[in-house]
Amino acid sequence: MKIIQQDFSVRFTYPVIFTEHLFSIENQSFIQLFPNSTTKAARVFFVIDSEVTAAHPTLVSAIAKYMDHFPQLEQIHVPLIVPGGEQCKNEPKWVDKILEMTSLHGIDRHSYITGIGGGALLDMVGFAAAISHRGIRHIRIPTTVLSQNDSGVGVKNSVNSFNKKNYLGTFAPPYAVINDSDFLLTLHERDWRAGISEAIKVALIKDLAFFERIEQDAEALASRQMPPMQTLIWRCAEMHIQHIAGGDPFESGSSRPLDFGHWAAHKLEQLTKYEIRHGEAVAIGIALDSTYSMLKGMISEADLNRILTVFAKLGFDIFHEDLLKKGENGTLSVINGLHEFREHLGGELTIMLLEKLGKGKEVHEMDTDLIEKSLQLLQKQHYSQQMA
Ligand SMILES: NC(=O)c1ccc[n+]([C@@H]2O[C@H](COP(=O)([O-])OP(=O)(O)OC[C@H]3O[C@@H](n4cnc5c(N)ncnc54)[C@H](O)[C@@H]3O)[C@@H](O)[C@H]2O)c1
Ligand SMILES: [Zn+2]
């Protein structure tokens with residue numbers, strides 16, 4: 001036997017910049033990302049979430065003015081406006097449209113594709129950028145809480161296929177991420193709230209002090225105060241990127257700690273035909289796995305109450321009727337989600353539960369009777385909250 005052993009590593013580095021008024025001429029956040037060349041302008045193509053352009057009607061002209069102002073920048077074509085939300089991940093035509101634009105306008109691996117929008121749009125644009133020419137540089141400008149504190153700062157992108165969430169996708173670190181908190185001002189209430197669940201997720205599995213901070217700030221966050229939201233996004237994004245750098249960035253193992261609460265969440269998103277937001281589903285998934293952790297004797301009832309109380313103060317529902325839908329085999333469809341979750345990861349089923357507040361613990365099996373019991377408890381709690 002003869003072997004040539006290949007061995008190399010590739011270093012990735014990208015900034016996550018926090019700013020306001022991103023496309024005002026004085027703001028350096030965007031321009032400083034590019035080489036200061038007098039001979040060759042950086043060519044940038046923008047893809048923007050339709051609800052962002054609707055809520056920020058001067059955005060497209062501000063970008064045009066900004067791009068015109070700096071000779072080192074050249075805007076490729078006018079921005080492509082894509083319907084925001086999960087539909088852009090469900091309909092293959094949007095990836096195709098971006099690929100067509102790269103072909104028509106010579107958008108090559110030295111150009112930049114900039115996505116501006118919620119997590120769904122960024123996932124779709126990131127995927128199109130990653131597969132075109134085997135990877136065009138991709139800049140993310142997230143405009144929701146969830147995308148600023150979680151999805152937009154990481155290394156994954158995807159679209160849905162075969163009725164399965166995130167079935168197609170790649171690991172492709174962005175060139176840069178810019179979080180502008182001005183975008184958050186126009187979010188619908190549900191989208192302001194939804195992303196907070198990802199912060200509660202990292203806090204519960206890794207950082208008790210952060211969880212306590214969210215408990216303290218719950219009313220202020222619920223009344224849409226910006227400073228506590230900026231603090232929450234900063235800390236959550238920071239923990240997210242530290243986690244990626246510290247472990248298994250491209251998820252080759254079976255362990256995915258940041259997927260706490262996500263096995264049920266992903267299934268519930270599909271069961272509700274994506275009517276529920278990812279962050280709303282994650283809140284329910286966390287409530288379910290926390291209740292399960294309590295029933296398993298891993299956390300106390302008092303701890304569980306703290307978790308459910310913070311969700312209630314923030315206005316989250318911790319139960320959804322579709323959790324009771326049954327599949328063809330007569331079992332609850334959500335429980336089938338466990339198998340789909342394992343299949344998506346490959347390898348051994350690995351589920352994050354709670355050992356205590358601020359510390360997660362992975363297990364490799366879940367007891368379906370206890371899951372059903374957890375669902376019943378949550379349903380009861382949900383109705384008593386509604387009556388109160
Ligand atoms: N890649 C990852 O690692 C990762 C991680 C978590 C979630 N995700 C994905 O992220 C998606 C969810 O992202 P999301 O919660 O941002 O939801 P979203 O992208 O669906 O956006 C929610 C709604 O808000 C609108 N919107 C966006 N910005 C706005 C603004 N500034 N003002 C007004 N409206 C605005 C959108 O058009 C959409 O209708 C899901 O597809 C989920 O699978 C990806
Ligand atoms: Zn998530």
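A polar contact is a pair of N or O atoms within 3.5 Å, and the exercises below apply this cut-off to a predicted model.

**Exercise 1.** Work out which atoms of D191, A120 and T143 come into polar contact with ligand 1.

*Solution.* Begin with D191, where a polar side-chain atom lies 3.4 Å from an oxygen atom of ligand 1, a distance that falls within the 3.5 Å cut-off. Turn next to A120, which takes part through its backbone, since a polar backbone atom of this residue is 2.9 Å from an oxygen atom of the ligand. Finish with T143, whose side chain has an N or O atom 2.7 Å from a nitrogen atom of ligand 1.

**Exercise 2.** Describe the surroundings of ligand 1, from its cover to the make-up of its shell.

*Solution.* Ligand 1 on its own has 870 Å² of accessible area, and the protein covers 94% of that area. Helix 1 (50-55), helix 5 (119-131) and strand 8 (164-171) are the elements that each give two or more residues to the shell, and helix 5 gives the most, with three residues. In total 25 residues surround the ligand, with D49, E86, T143, T144 and K165 as the closest. Sorted by class, the shell has 10 charged, 10 polar and five nonpolar residues.

**Exercise 3.** Decide whether S197 is buried or exposed, and locate its contacts.

*Solution.* First place S197 in helix 8, which spans residues 196-206. Its relative accessibility is 0%, and therefore S197 counts as buried, because buried means under 20%. Leaving aside residues up to four places away in sequence, S197 touches G279, V282, A283, I286, F311 and F316.

Conventions:
Residues numbered from 1 in each chain as written. Chains lettered and ligands numbered in written order. Predicted model: local features only at pLDDT ≥ 70, side-chain atom pairs only at ≥ 80, totals over all residues. Heavy atoms only, no water. Helix = DSSP H or I, 4+ residues; strand = E, 2+ residues; numbered from the N terminus. Buried < 20%, exposed > 50% of the residue type's maximum accessible area, 1.4 Å probe, protein only. Contact = heavy atoms within 4.5 Å. Near = heavy atom within 4 Å. Polar contact = N/O pair within 3.5 Å; in protein donor to acceptor, adjacent residues only side chain to side chain. Areas by Shrake-Rupley, 256 points an atom, 1.4 Å probe, with all protein chains shown as cover. Nonpolar A, V, L, I, M, F, W, Y, C, P; charged D, E, K, R; others polar.
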